[in-house]
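The following exercises concern the structure shown below. Each task is followed by a worked solution.

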Amino acid sequence: MVGFLNRALHSDADTTFVESFSLLLRKHSKPKSIRECKQIHAKLLISEAISEIYVANTVLSFYSKYGDFYNARLMFDQMPHKNVVTWTSMISALVHHGFYLKALNLFKEMLESGARPNQFTFSVVVRACIGTASLDLGLQVHGLIIRLGLETDEFAGSSLVDMYFKIGGSLEDACCVFSGLFRRDSVIWNVMISGFSQIGDVSEVFRLLSEMWVLDGLKPNDFTLTSLLKCCCLLGEVQQIHGLALKLGTEVDVVVGSALVDAYGKCGNMEWGRKVLNSMEWKDSFVWSSIISGYARNGSGDEAVCLFRDMCRQGMKPDQHALSSTLKACAEIEDLETGVQVHSQMIKNGYHSDCFVASALITLYSDCNEICEAHKLFRRIDDKDIVAWNSMILGYAQMEEESSYHCIKIFRELCQTPALKPDGATIIAILKSCQNQAGLITGIQIHTMIMKSSLSCETLICNAVINMYSKCGDVDDAYKAFIDIVHRDAISWSSIIGSYQQNGFELEALSLCKEMLADGVYVTSFSLPLCIAACSELAAIDVGKQFHSSVIKLGFDGDVYVGSSIIDMYAKCGFMEESQKAFDEQEDPNKATFNALISGFAHHGKALEAIELFKEMEKMSLVPNQISFLAALSACSHAGLVEESLFFFDLMHKKYNIKPESEHYSCLVDVLGRAGRLEEAYQIIQNDGKEQAWRTLLSACRNYGNAEIAEKSARKLMELDPNDHASYVLLSNLYSGEGKWEQAFKLRQKWWRLE
């Protein structure tokens with residue numbers, strides 16, 4: 001480019017220098033570097049051609065594009081003549097690089113110099129007002145636009161409409177400006193559609209689209225379609241836009257395709273999202289992030305992880321959104337191994353200090369009980385945002401022991417950070433750590449702090465307070481917190497109903513449900529299972545049937561969790577046929593649905609039916625969880641099926657890698673104990689058994705008079721809980737039954753000393 005300039009400068013041709021330079025600009029849109037730009041500037045200074053205002057404006061734009069504002073301003077100040085293009089170029093460059101205040105100050109200089117701004121100047125100046133979120137300045141600029149008679153121009157008008165949507169919050173003013181425009185191009189139509197899309201007014205968005213096409217004859221472009229998709233929350237709406245994209249031939253376009261994939265993911269229809277993905281010839285990182293996020297959001301973590309691997313295999317560099325969504329998917333399916341691999345990709349691609357990705361990784365490590373790794377990662381983040389702090393607090397909140405202590409420790413550290421303040425999510429995370437009586441004091445302190453702040457007016461925070469008191473068993477304070485809520489929503493009612501139901505006050509829970517309905521709040525998919533569970537505990541079949549009718553009437557019969565509660569209710573009330581019928585009516589049963597019916601069969605001693613249903617669940621590729629195995633083991637235990645019990649116990653930890661809990665050991669020990677296989681039961685639980693399992697074995701030893709294993713079991717129980725009297729009583733009675741009076745007396749003496 002510099003060589004071309006040299007030839008132009010020394011040319012003897014008749015063409016003027018300005019014409020030569022114009023030709024240069026047509027061939028070369030800009031210099032390759034700031035150094036080349038300075039070389040051109042130097043040549044122009046030598047030739048004195050820089051005095052030509054068009055040439056000077058062009059060089060000025062070169063400096064501006066490269067962000068060299070020092071030389072740009074130096075040249076700008078030295079220009080003997082400035083026209084509207086000169087001023088507009090400089091202001092535009094400052095706005096483009098985010099220097100909004102400097103741009104506004106320069107505009108002030110322009111006005112003071114007597115230069116008259118045009119529609120292009122006002123377009124960038126209004127953008128500067130948007131950047132500073134200064135509506136007052138924007139209104140003054142609008143007044144100046146009207147004064148100069150430019151209010152009907154589409155360039156100035158589109159910026160004004162955008163301003164009123166983004167910082168004015170005035171739909172009326174935006175529509176008024178739009179209606180007054182002399183000519184409306186696709187840009188201004190897109191600004192209007194985008195504005196209404198941001199506030200979620202779907203009907204107005206579609207009306208504007210229709211007018212744009214019919215009245216002005218403008219077809220929607222990529223920007224129009226993506227704006228439309230942003231406000232669509234129903235599948236039917238997304239499919240309409242998809243049909244329009246197909247008609248216009250833009251479905252395979254990477255921008256529209258990405259927006260379609262994202263919209264289908266938000267509507268929960270990943271089948272159509274996948275079809276759009278497969279139809280795209282070229283896929284960027286955003287479309288990969290959208291499809292991965294969609295599967296992760298809709299409970300298909302395995303598929304999300306597979307797609308992330310496909311993305312990496314195709315040589316695409318994952319961005320922070322793809323990494324974050326994949327880590328969330330790993331947390332959902334509890335796949336720590338893959339999460340560690342994603343962690344390495346995160347480091348490899350330079351996102352090791354990115355708060356957005358690191359927060360998702362902290363959540364993964366916390367969910368997989370790797371709290372130490374989560375804490376190490378948290379400490380390695382240099383510039384922590386509030387999400388990272390909240391993720392760490394929430395991770396500690398999930399711990400079984402001393403969770404509130406660690407949460408408060410991190411919370412105090414956060415409060416000492418000058419740049420950040422705790423938000424509502426922080427408070428909710430701390431309240432979640434108060435899970436029992438030990439955490440009640442911390443919960444009360446946090447509740448007191450809430451009452452002294454503006455957070456006391458936030459319903460979401462108040463709902464968390466109710467849940468905290470409920471977990472700590474303090475129903476009275478939970479109710480007081482409920483009464484104090486200014487604006488109670490459906491979740492508030494569900495929380496207080498759940499508080500009573502889960503703490504054994506089923507009648508009160510049903511009474512509150514009646515109050516909720518009288519207050520004009522309808523039952524939801526959260527409150528219904530709680531009310532139906534209360535009917536189960538009370539064996540109130542008539543009330544339960546009324547709830548079942550409401551479920552069908554209100555359209556909740558397709559909800560698997562509501563359906564599971566109905567199955568459980570009929571089973572506990574002794575109506576297994578109705579329970580089976582409710583199960584068969586489920587269109588897409590999940591683990592919760594199967595578990596409810598398997599537990600029902602187990603409760604009624606129908607072990608064979610329970611086993612068959614368990615096998616059916618496996619055939620449907622549903623992975624059994626701890627509750628599934630507990631129900632199966634309970635069914636086998638009640639029926640005395642020893643070999644089947646051993647089979648399920650082995651299947652649980654060998655095939656599905658599920659660690660048995662105390663209840664699982666108790667069921668297995670119970671069936672082995674009743675079969676007289678005490679030694680085998682002892683061998684199984686001696687390393688991992690909890691109190692309940694040892695107590696079950698001790699009772700079995702008493703029935704069979706096995707003093708040796710009984711003594712071992714009792715000693716283990718005394719070690720686990722020295723204050724538990726039951727073990728002393730059982731072993732003492734066993735000694736008495738065998739005539740070992742002296743040993744029985746010594747044991748009773750030890751028991752009396754404990755009292």
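**Exercise 1. Overall character of the chain**

Task: State how much accessible surface the chain has and what share of the surface belongs to carbon and sulfur atoms; then describe the secondary structure and the burial of residues.

Solution. The accessible surface of the chain comes to about 37400 Å², and carbon and sulfur atoms hold 52% of that area. The model is a predicted one. Its secondary structure consists of 45 helices, with zero strands. Of the 755 residues in the chain, 49% are buried. Turning to contacts with a separation of 6 or more, 59% of them join residues that are 24 or more positions apart.

**Exercise 2. Salt bridges within helices**

Task: How many salt bridges does the structure hold? Examine the pairs Lys166 and Asp162, Lys572 and Asp568, and Asp670 and Arg674, giving the N to O distance and the helix of each.

Solution. The structure holds 18 salt bridges.

Step 1. Lys166 and Asp162 form a salt bridge with an N to O distance of 3.2 Å. Both residues belong to helix α10 (residues 154-168), and because they are four residues apart there, about one helical turn separates them. Lys166 is partly exposed, since its relative accessibility is 47%.

Step 2. For Lys572 and Asp568, the N to O distance is 3.3 Å. Helix α34 (residues 560-572) contains both, four residues apart, or about one turn of the helix. Lys572 has a relative accessible area of 39% and is therefore partly exposed. Asp568, at 21%, is partly exposed; the lower limit of that class is 20%, because residues under this value count as buried.

Step 3. In the salt bridge of Asp670 with Arg674, the closest N and O atoms lie 3.1 Å apart. Both residues are in helix α40 (residues 662-674), again four residues apart, about one turn. Asp670 is partly exposed at 24%, and Arg674 is partly exposed at 43%.

Step 4. Salt bridges may also link into a network: Glu204, Arg207 and Glu211 are joined in this way.

**Exercise 3. A negative surface patch**

Task: Which residues form the negative surface patch, and which elements give two or more residues to the patch? Decide whether Glu587 is buried or exposed.

Solution. Step 1. The patch is formed by Asp557, Glu577, Glu578, Asp584, Glu585, Glu587, Asp588, Glu609, Glu612 and Glu616. The elements that contribute two or more residues are α35 (576-584) and α37 (607-619).

Step 2. Glu587 is located in the loop between α35 and α36 (591-603). Its relative accessibility is 81%, so Glu587 counts as exposed; the cut-off for this class is over 50%.

**Exercise 4. The surroundings of Ser579**

Task: Where does Ser579 lie, is the residue buried or exposed, and which residues does Ser579 touch beyond those up to four places away in sequence?

Solution. Step 1. Ser579 is part of helix α35, one of the elements that give two or more residues to the negative patch.

Step 2. The relative accessibility of Ser579 is 0%, and the residue therefore counts as buried.

Step 3. Leaving aside residues up to four places away in sequence, Ser579 touches Ile567, Tyr570, Ala571 and Leu597.

Step 4. A C-alpha distance completes the description: Ser579 and Phe601 are 22 residues apart along the chain, and their C-alpha atoms are separated by 9.6 Å.

Conventions. Residues numbered from 1 in each chain as written. Predicted model: local features only at pLDDT ≥ 70, side-chain atom pairs only at ≥ 80, totals over all residues. Heavy atoms only, no water. Patch = residues over 30% accessible without salt bridge, like charges linked within 9 Å, V, L, I, M, F, W, Y side chains within 5 Å. Areas by Shrake-Rupley, 256 points an atom, 1.4 Å probe, with all protein chains shown as cover. Salt bridge = Lys/Arg side-chain N within 4 Å of Asp/Glu carboxyl O. Lys, Arg positive; Asp, Glu negative; His and termini not counted. Charge placed at Lys NZ, Arg CZ, Asp CG, Glu CD. Buried < 20%, exposed > 50% of the residue type's maximum accessible area, 1.4 Å probe, protein only. Contact = heavy atoms within 4.5 Å.
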